[in-house]
Amino acid sequence: MQRLRNFLQQHCSDAGLVEVIEQVATISKDIAHLIQLGDLAGILGSAGQENVQGENQKKLDVIANDLLKDGLAALPAVKGVASEEETLPVGCNPEGRFLVLFDPLDGSSNIDINVTVGTIFSILAAPAELDGGDERAYLQPGKQQLAAGYVLYGPSTLLVLTTGNGVFSFTLDSRVGEYVLQRENIRVDTKTAEFAINMSNQRFWKPAMQSYVADLLQGEEGPLGKRYNMRWVASMVAEIHRILTRGGIFMYPWDSREPKKPGKLRLMYEANPMTLLMEQAGGRGSTATEAILNVQPQGIHDRVSVVIGSAEEVATVERYHAL
Ligand code: AHG
Ligand code: MN
Ligand code: MN
C-alpha cells in the first residue's frame, strides 16, 4: 500500500511541484468531507449569484473554489491561480514557480441529487517576467502542462494524476485520511463501442457530428459496423474516469445554441487537463479538427469543442469532420 506522499517523492523530482500536488490532495479531503455530509453541512442549493461565464453558482462551487484558492495561495511555490469561478486570475507569491488552474467543482448540477462530482486541476510553469495576477502568464497551450489531475467524489473518493509520465490513481482511505495508490500506468483501450454525449443537443450540432452519431446509432448494420452503448452522467470527471477505466468516447461538441461560443467546456480548466491525462493513458483529445493540447488560448475562460477518449474512435470523429 503506497501513500500519495511516498509515491510523489519517488516519481517527481521537483519538490515544489510535489508540494503543490499534495496541497490540492489535502484540500480535496476537506471538499470530500463536506460532500459526504451534504445537507448536514449546509452545502446544497444555489449561492444566488452568477460566475463570469453567466452560470448560476451553487453553494459548493463557491466553497470549493475558496478552499482551493486560499489553500494554494498559502504555498510559497504558487505564483498565481485561475479558476472557472473567478473572473480574474489571482496573484499569490511573486517568487512562486507554478500557476494552478482549476474547476473547483465539476458537474455541479449533480450535487443536489447526490450524484458524482469532481475537482479538475492543471499546473503550468509560471513565466518569471509576468505577475501571477496577469492573465498573459496563463495563456499557454495544454501541451505545456507540468501536471494535471482530477478528484472524483463518488462512492469512493479518487485522485487521478499525471506528471507527464503515465497516469496513476489513488483511493482516499477515509479511515486514516490518506490517498493510497490504486492503479499504476493506466492504459485506455484504443477501440470502443461506448459513447457519451448530451443527445438533447443533437439538432444544434454541426452536420459532421450529426452524421457520426446518426451512423453509430445504426449499430452493426450501419457504416461503423458495431453496436454502441451510451452513458451520460453530466459530470465530465465521471465520464473521463469511466473511459480511463473501461474505454469510451466523451463529446461536448460545438453547438448553435450560443453560436459565438466555441463550445460549452472550458479549455484551461477542463479540456486541457483531461486531455493530458487521456493522452498519457494512450487515448486522445481533439476539438474534432485539431489536437486540444495545441490550441493556443486567447483568454483564461476560453471554451472549446471537446472529443476525448479511445484513440481510434476520436480519429473516426475527426474523419467525419474532415469530409
Ligand atoms: P461545471 O459543473 O463545472 O459547470 O461543468 C459541467 C460540465 C461537465 O462536467 C458536463 O460534462 C457538462 O457540463 C454537462 O452539461 P449538460 O448539463 O449540458 O449535460
Ligand atoms: Mn466543469
Ligand atoms: Mn465547475
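This report walks through a metal site and a ligand pocket in a predicted model.

Let's start with the metals. The manganese ion (ligand 3) has three protein residues coordinating it, namely E84 (OE), D103 (OD) and L105 (O), at 2.2 to 2.3 Å. Along the chain, these donors are spaced as E-x18-D-x1-L. D103 also serves as a bridge between the manganese ion (ligand 3) and the manganese ion (ligand 2). The two ions lie 3.8 Å apart. As for their setting in the protein, D103 and L105 are both buried.

Now to ligand 1. The space it takes is the largest pocket, and 17 residues surround ligand 1. The closest of these are D106, G107, S108, M236 and Y252. Three strands each supply at least two residues of this shell: strand 5 (98-106), strand 13 (249-252) and strand 14 (265-266). Strand 5 gives the largest share, with three residues.

If you are setting up the polar side of this pocket, here are side-chain contacts to oxygen atoms of ligand 1.

| Residue | Side-chain atom | Ligand 1 atom | Distance |
|---|---|---|---|
| N198 | polar atom | oxygen | 2.9 Å |
| R266 | polar atom | oxygen | 3.1 Å |
| E270 | N or O atom | oxygen | 3.4 Å |

Around these contacts, how much of the accessible area of ligand 1 does the protein cover? On its own, ligand 1 has 470 Å² of accessible area, and the protein covers 87% of it.

Key. Residues numbered from 1 in each chain as written. Chains lettered and ligands numbered in written order. Predicted model: local features only at pLDDT ≥ 70, side-chain atom pairs only at ≥ 80, totals over all residues. Heavy atoms only, no water. Donors = N, O, S within 2.8 Å, 3.2 Å for Na, K, Ca; no water. Buried < 20%, exposed > 50% of the residue type's maximum accessible area, 1.4 Å probe, protein only. Near = heavy atom within 4 Å. Polar contact = N/O pair within 3.5 Å; in protein donor to acceptor, adjacent residues only side chain to side chain. Areas by Shrake-Rupley, 256 points an atom, 1.4 Å probe, with all protein chains shown as cover. 1 Å grid on protein atoms, 1.4 Å probe; cavity = no way out; pocket = protein on both sides within 12 Å on 5 of 7 lines; lining within 4 Å. Sits in = over half its atoms within 2 Å of the grid points. Helix = DSSP H or I, 4+ residues; strand = E, 2+ residues; numbered from the N terminus.
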